[in-house]
2 protein chains.
Amino acid sequence: MNAYTKATLGKLSDLDSHIFAPKDTPIHLVGKVFLGDLLGLTSMEVSLNKDAPNTGIDFFHSHKNNEELYIFIGGRGEMMVENDRFAVEEGSVVKVATGAKRAWWNTGSENLYYVVVQAQTGGLKSSKLDDAEIIEEKVPWVRT
Amino acid sequence: MNAYTKATLGKLSDLDSHIFAPKDTPIHLVGKVFLGDLLGLTSMEVSLNKDAPNTGIDFFHSHKNNEELYIFIGGRGEMMVENDRFAVEEGSVVKVATGAKRAWWNTGSENLYYVVVQAQTGGLKSSKLDDAEIIEEKVPWVRT
């Protein structure tokens, strides 16, 4: 296995060059790019997203096995989970549990930018410092 | 279990109000906030990060069980994985496999912003449309 894989997607403002329109579905989402196949992810699926004002996800969906995290990194909008409707903006982070219905919309006047990550509910065995090993070797950059 | 949990972290430019300095370690990282405990994540650990120019991670580390994804959302820098050193910038996405050593640095003149996600290598059982169920119910927002 490769130690790493990488890709360059360009400026987030150009994300609408990506369209997610899976075959045999009515789904046609402008500004959504998934990273799973692109990078060969095995632990998670991730998308980067740009929604123009007054666009968003015009259907609810839920997940069967995966927990989903929404990280809003620019703009303003609204989200619904189950029957709760709330505002989101740059710096809002929302975890949605398996089985809950969710949708969201760019209700602002600027583009809405967000990252969505899904991974197996309960699947994290170790994290942060527990999972990390520090390597005693200097980095090549020097703090000036 | 709650259908969702959420938090508001504020503008990404204010992320340096967060300091990650775990006890009994020399680690002191300004501008790093983890979401796992904050949101009760069970599938992944996630951090939001802001590095000022000429700062970064001045040690290498690897992971034992987790795949890690770096999503660069603003600024420019450099990353090393094993012996490869490469440029990253807004829109760069890098998956690093378990066991590989990695470090990065803000070599630019602006702040470097990025999201880091870790989850169990091989832990994703179903993803994207496989894991999703569409719910036939109109969203409350109306496209004008």
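Okay, let's start right at a strand pairing: Val93(A) stands opposite Ala7(B), which sits in β1(B). That pair belongs to a stretch where β10 of chain A, residues 92-96, runs antiparallel to β1 of chain B, residues 4-8, over 5 bridges. Before I go on, keep in mind that what you have on screen is a predicted model.

So, one chain by itself for a moment. Chain A has 144 residues, and 46% of them count as buried. Its secondary structure comes to 2 helices and 13 strands. The C-alpha trace of chain A spans about 50 × 35 × 30 Å along its principal axes. If you take contacts in chain A between residues at least 6 apart in sequence, 63% of them join residues at least 24 apart.

Now, how do the two copies relate? Chain B can be laid on chain A by a turn of 180° with a shift of 0.0 Å along the axis, and the RMSD is 0.0 Å. The two copies are thus related as by a two-fold rotation axis. Which residue of chain B comes closest to that axis? That's Gly123(B), with its C-alpha at 3.2 Å.

On to the interface. 81 residues of chain B are in contact with 81 residues of chain A. On chain B, the side that touches chain A divides into 38 nonpolar, 26 polar and 17 charged residues. And 100% of the interface residues of chain B are also interface residues in chain A, so the copies meet through the same surface.

Let's look at a sheet that takes strands from both chains. It's an open one with 6 strands, in the order β1(A)-β10(B)-β7(B)-β12(B)-β5(B)-β4(B), and the pairing is antiparallel. At the edges you find β1 (4-8) of chain A and β4 (32-34) of chain B; each has a single partner strand, so one side of each is left without a neighbour in the sheet. Ignoring direction, neighbouring strands here are turned by 15° against each other on average. Within that order, β7 of chain B (residues 66-74) and β12 of chain B (residues 112-120) pair antiparallel over 8 bridges. If you want a spot to click on, Asn66(B) stands opposite Gln120(B) in β12(B).

Last stop, the core. The largest nonpolar core has 70 residues, and the ones with the most contacts inside it are Met44(A) and Met44(B). What does Met44(A) touch, leaving out residues up to four places away in sequence? In chain A, that's Val117(A), Gln118(A) and Ala119(A). Across in chain B, we get Met44(B), Leu69(B), Val117(B), Ala119(B) and Leu124(B).

How values were computed: Residues are numbered from 1 along each chain as its sequence is written. Chains are lettered from A and ligands numbered from 1 in the order in which they are written. This is a predicted model: local features need pLDDT of at least 70, side-chain atom pairs count only at pLDDT 80 or more; totals for chains, interfaces and linings use all residues. A nonpolar core is a set of buried Ala, Val, Leu, Ile, Met, Phe, Trp, Tyr and Cys residues joined through C-beta atoms within 7 Å. A residue is buried if 20 or more other C-beta atoms lie within 10 Å of its own, exposed if 12 or fewer, and partly exposed in between; C-beta atoms are placed from the backbone. Two residues are in contact if their C-beta atoms, placed from the backbone, lie within 7 Å. Copies are superposed by least squares on the C-alpha atoms of residues with pLDDT of at least 70 in both. Two strands pair if DSSP finds at least two bridges between them. Helices (H or I, at least four residues) and strands (E, at least two) are DSSP runs, numbered from the N terminus. Axes are lines fitted to C-alpha atoms, for helices over the stretch in contact, and angles run from 0 to 180 degrees between N-to-C directions. Ala, Val, Leu, Ile, Met, Phe, Trp, Tyr, Cys and Pro count as nonpolar, Asp, Glu, Lys and Arg as charged, and the others, Gly among them, as polar.
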